[in-house]
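Hello! Here are some notes to read alongside the model, in numbered points. Please keep the 3D view open as you go.

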Amino acid sequence: MKKILILHTGGTFGMLPMLPRQTLAPGKIAEHITAFVPELTKIADIDFEAVFNLDSADMQPHHWQTIAEYIHRRVHDYDGFVIIHGTDSMVYTAAALSFMLPNPPCPVILTGSQRPLAEIRTDARGNLVNSVELALHPIREVCIFFGTRLFRGNRAVKISSTDFTAFESPNYPHIAEVGLDIRVFGNHREPRGKFELVPGLSGEVLAFSFFPGLKPEYLDFLTKSSVKAVVIEALGMGNVSIKENSLLPFVTALTQAGKLAVITSQSRHGRVDLSCYENGLLIQNAGGVGAGDMTTETTLVKLMHLLGQYPDDLETVRERLKVPLSGEISS
Ligand code: ASP
């Protein structure tokens, strides 16, 4: 039988069915899961470890690093890893793991649920069983399984706080689908280099959403702050205002202060192309960098990762931002 390690990190999955939902002590989680899904052991030889038990809104970059270290240390002992995680910040953790653990030799699948495992009408059970089944396949990348679909982790977004199909992957087709059978479509990534742990994440980043009427003077403090990269979630192809309340002076000042202004889009589907409209082009000329078809979440985590690797070399960060490291951007 193949060996799978289930790592518990928290989320609704292991919470008790009363409101407001609260996390159990980590020590109780293993018994809880074994009691509710005893048949897991018929699918694989399962080990279980509770790394921590957090609402994923409390997850910090150092928690991503702990999860990455856990997997790195145990990678040769298992055929696959399933990480139980809260849905709220799951895509950030998935993106971070995809950069911190490049070229994994086996599947690393994050999953969770909208309803606790202890509830009768729960999605937790199906999500866990299907994730373990998928972790037996040779899909060597960091993924998210939710509902019926397996996504590339750094391409996924959480689209619903209530539906059992809570995630989607707007700019990259899903990797597998579970129905009567499991269908693996073959668009997963093959390892392209050596598997390693790449630690080091910078916290010197910030993101905000542009909206009509945004007063640029509210952003002035950023130019003087220690932030090294600012992600602006712009409109459509990457547009912001350049007439009234123009953001051009802000982007120019950021660039002159030696910081990066990175443009993502509030439109989930499609990509940023700063050459398409005058508004985008002027932002680009002022130093703005388009994030292509990366999600805002992945762009932010990628910047944390790149700034962690090249803290004093913003040119390299700018260049590498546009290049796929783990399949997170279309080239
Ligand atoms: N607040 C929970 C979490 O992200 C929500 C969930 O797991 O669905 O931990």
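**Notes on the sheet, a helix and the cysteines**

1. Phenylalanine 81 has valine 108 of β4 as its bridge partner. The chain gets from β3 to β4 by way of α4, in a β-α-β crossover that is right-handed; that term applies if, with the strands pointing away from the viewer, the path from the first strand over the helix to the second runs clockwise. β3 and β4 are parallel, with four bridges between them. Helices (H or I, at least four residues) and strands (E, at least two) are DSSP runs, numbered from the N terminus, and two strands pair if DSSP finds at least two bridges between them.

2. Before going further, a word on the basis: this is a predicted model, where local features need pLDDT of at least 70, side-chain atom pairs count only at pLDDT 80 or more, and totals for chains, interfaces and linings use all residues. Residues are numbered from 1 along each chain as its sequence is written, and side-chain values use heavy atoms, with hydrogens and water left out.

3. Now the whole sheet: eight strands form an open, mixed sheet in the order β2-β1-β3-β4-β5-β6-β9-β10. β2 (45-54) and β10 (182-184) are the edge strands, and each has a single partner, so one side of each lacks a neighbour in the sheet. From one strand to the next the twist averages 20 degrees.

4. Strand β1 (residues 3-10) runs parallel to β3 (residues 80-84), and five bridges join the two. Within this pair, isoleucine 4 is matched with glycine 80 of β3. Helix α4 (residues 90-100) packs on the sheet, where it touches β3, β4 (108-111) and β5 (142-146), and its direction makes about 155 degrees with that of β5. Contact here means heavy atoms within 4.5 Å; axes are lines fitted to C-alpha atoms, for helices over the stretch in contact, and angles run from 0 to 180 degrees between N-to-C directions.

5. Which way do the side chains of β4 point? Val108 and Leu110 point one way, Ile109 and Thr111 the other, and all are buried. Buried means under 20% relative accessible area, exposed over 50%, and partly exposed in between (1.4 Å probe, protein chains only).

6. On the β5 side, three bridges pair β4 with β5 in the parallel sense, and valine 108 faces valine 142 of β5. Do look at the connection here: the chain crosses from β4 through α5 to β5, and this β-α-β crossover is left-handed.

7. The pairing then turns antiparallel, with four bridges between β5 and β6. Phenylalanine 145 sits opposite leucine 150 of β6. Two residues lie between the strands of this hairpin, and glycine 147 has a positive phi near 75 degrees. β6 and β9 are also antiparallel, joined by two bridges, with arginine 149 opposite glutamate 177 of β9.

8. In helix α10 (residues 314-321), the buried residues are Leu314, Val317, Arg318 and Leu321. They span an arc of only 100 degrees around the axis, so they lie on the same side of α10; the arc is that of the directions from the helix axis to the C-beta atoms. Their packing partners are β13 (260-265), β14 (289-290) and α9 (296-309).

9. Why does cysteine 106 form no bond with cysteine 143? The closest cysteine sulfur to that of cysteine 106 is in cysteine 143, 11 Å away, which is too far for a bond. With a disulfide taken as a pair of cysteine sulfur atoms within 2.5 Å, the count is zero. Cysteine 106 is buried at 5% relative accessible area, whereas cysteine 276 is partly exposed at 40%.
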